[in-house]
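Let's take a walk through a protein together, one strand and a few rings at a time. Have a look at the sequence and the 3D view first.

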Amino acid sequence: MSSTRVSIIGTGLALLRLIQAQQPATSDPGNPALTTWKCSTAGGCVQQDTSVVLDWGFRWIHTAGGYESCTTSSGVNTTLCPDEATCAQNCVIEAANYTSAGVSVSGDSLTMQQYVESNGVYSNASPRLYLLGADGDYVMMQLLGGELSFDVDMSTLPCGENGALYLSEMSATGGRNEYNTGGAQYGSGYCDAQCPVETWKNGTLNPTGQSYCCNEMDILEANSMANAYTPHPCSTTDCDKGGCGFNPYAQGVTNYWGPGDTVDTSKPFTITTQFITNDGTKTGTLIEIRRQYIQNGKIIPNAKSSSGVDSITQSWCESSDGSAATFGGLTTMGQALGRGMVLIFSIWNDGSQYMNWLDSGSSGPCSSTAGNPATILAQDPTTHVIFSNIRWGDINSTYTNPGGPGTGSSSSSTIVKTTASHQTTTTKPTTTTTTTSVGATQTHWGQCGGQGWTGPTACASGTTCQVQNPYYSQCL
């Protein structure tokens, strides 16, 4: 379940650099670099030239050569934008102010704030970002028969917050066309399984109010009290909006996720998600989505219900989700994963349902009113989420097995089938160096400290642990 945003027009955005052109500038749009790795069992993990880009709807869109906004509090200025062609002629879109949007990036670490402070006053930021490649298009992760790993710190996310990392089958170019030459570099093209209706569709005006549906795989929707991962397959006109999500609390394992629990959310940890096919190849049929965690030097298997469920399978989806079969379930989801999906990061809260579907009632320990955004702002104005160390590739290639399963129960579907290790290959214009992660020594660019950090603090030879902010230190 992903939130739909409207264009944000803040007075502070008027300080952004003006672009005197009918379309976005062709020079650097100012998207911050975020180090990621693509991995294989044969070649290790190779550093990628990637960055993050803020969603199109969070940017200032104004008259070409002027200061008048092309959007209003209720949508679009219909005088300036009566149709797609006229709007593209009259209006330009600015590069983003990432600080004002609550976003900071350092090395392989991305921090996203729900609220930003200016002169003692907090305002809502709630950023949404996409992973961008060096070619100016979104990175299309092909994860069928593969896996995705990342580190996350959600210790400051209270009830009602959602620190989300997910995949969506967006256009690789962001729908780049004659009316939208900036495309993915300006964060256009958002779609998800909730079929949002937005002012802009693929970066062009959406005067008819068309919805935009696409396959969505929620890798993580969570706060410090509850979490879920959920496939949302689609047909050509609609999607499985509810999905067959796996939430440990909802499965009856109420002490699995939370501060001091099996997965201790007061500290950072690693999440690995695997997309298993029927024949073990990257072209087979998706039959299972597995999950594991690594924390304090131990692998923690996914929670297991009293009926033995500890992963997402087609049979379980059909038994728990009445719409799964209608939309093809894991088969449809696997086909999208095989074609390639865009990695998305967001932080948000919900003024209508208070995120109760995630963390209240049978889904979590939170009260039905704890997620009121007014309560969050009053009690936790600095709430934020940190994603780091993002790696994707072959099964068992994106993480290092620290020595075996942890204290959680294991089963035949435990994600660790063989002892996994990875090499980190850092690619630069003139040199390539390879470092193998060993023991408690962190690799170049990896996290080595910060508030709540429990991982390695020693850095690989030739690098030192340098403080980037109170929450993150890095081997540089």
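Which residues of β22 are buried on one side, and which on the other? Keep in mind that you're looking at a predicted model. On one side sit F269, I271, T273, F275 and T277, and on the other T270, T272, Q274 and I276; all of them are buried, so both faces of β22 are covered. If you wonder how one strand can have two such sets, here's the background: in a regular strand the side chains alternate between the two faces of the sheet. Now take the strand as a whole, residues 269-277: nine of the nine residues are buried, so β22 is largely enclosed by the rest of the structure.

Next, meet the strands that β22 pairs with. Strand β14, residues 146-153, pairs with β22 in the antiparallel sense, over six bridges. To find this pairing in the view, look for L148, whose bridge partner in β22 is T273. Strand β23 runs antiparallel to β22 too, and eight bridges join them. Here you can look for T270, whose bridge partner in β23 is I294.

Now for the rings. A search of the whole structure turns up eleven aromatic pairs. One of them is F246 with W316: the ring centres are 6.1 Å apart and the planes are at 50 degrees, so this pair counts as tilted. F246 lies in the loop between β19 (227-232) and β20 (257-258), while W316 belongs to helix α2 (residues 314-320), so the pair ties together parts that are 70 residues apart in sequence. Both F246 and W316 are buried.

What about W257 and Y293? Their ring centres are 5.8 Å apart with planes at 65 degrees, and planes over 60 degrees apart count as edge-to-face, so that's what this pair is. This pair also links distant parts of the chain: W257 is in strand β20 and Y293 in strand β23 (residues 286-295), 36 residues apart. Both W257 and Y293 are buried. The two rings have company as well, since Y256, W257, F269 and Y293 form one aromatic cluster. You've already met F269, among the buried residues on one side of β22.

Finally, check out two places where an arginine meets a ring. R291 lies over the face of Y229, at 4.3 Å from the ring centre. And over the ring of W37 sits the charged end of R391, 4.2 Å from the centre of that ring.

Conventions. Residues are numbered from 1 along each chain as its sequence is written. This is a predicted model: local features need pLDDT of at least 70, side-chain atom pairs count only at pLDDT 80 or more; totals for chains, interfaces and linings use all residues. Side-chain values use heavy atoms; hydrogens and water are left out. Rings of Phe, Tyr and Trp (its six-membered ring) pair if their centres lie within 6.5 Å; planes under 30 degrees apart count as stacked, over 60 as edge-to-face and the rest as tilted. Helices (H or I, at least four residues) and strands (E, at least two) are DSSP runs, numbered from the N terminus. Buried means under 20% relative accessible area, exposed over 50%, partly exposed in between (1.4 Å probe, protein chains only). A charge sits over a ring if NZ of Lys or CZ of Arg is within 6 Å of the ring centre and within 35 degrees of the ring normal. Two strands pair if DSSP finds at least two bridges between them.
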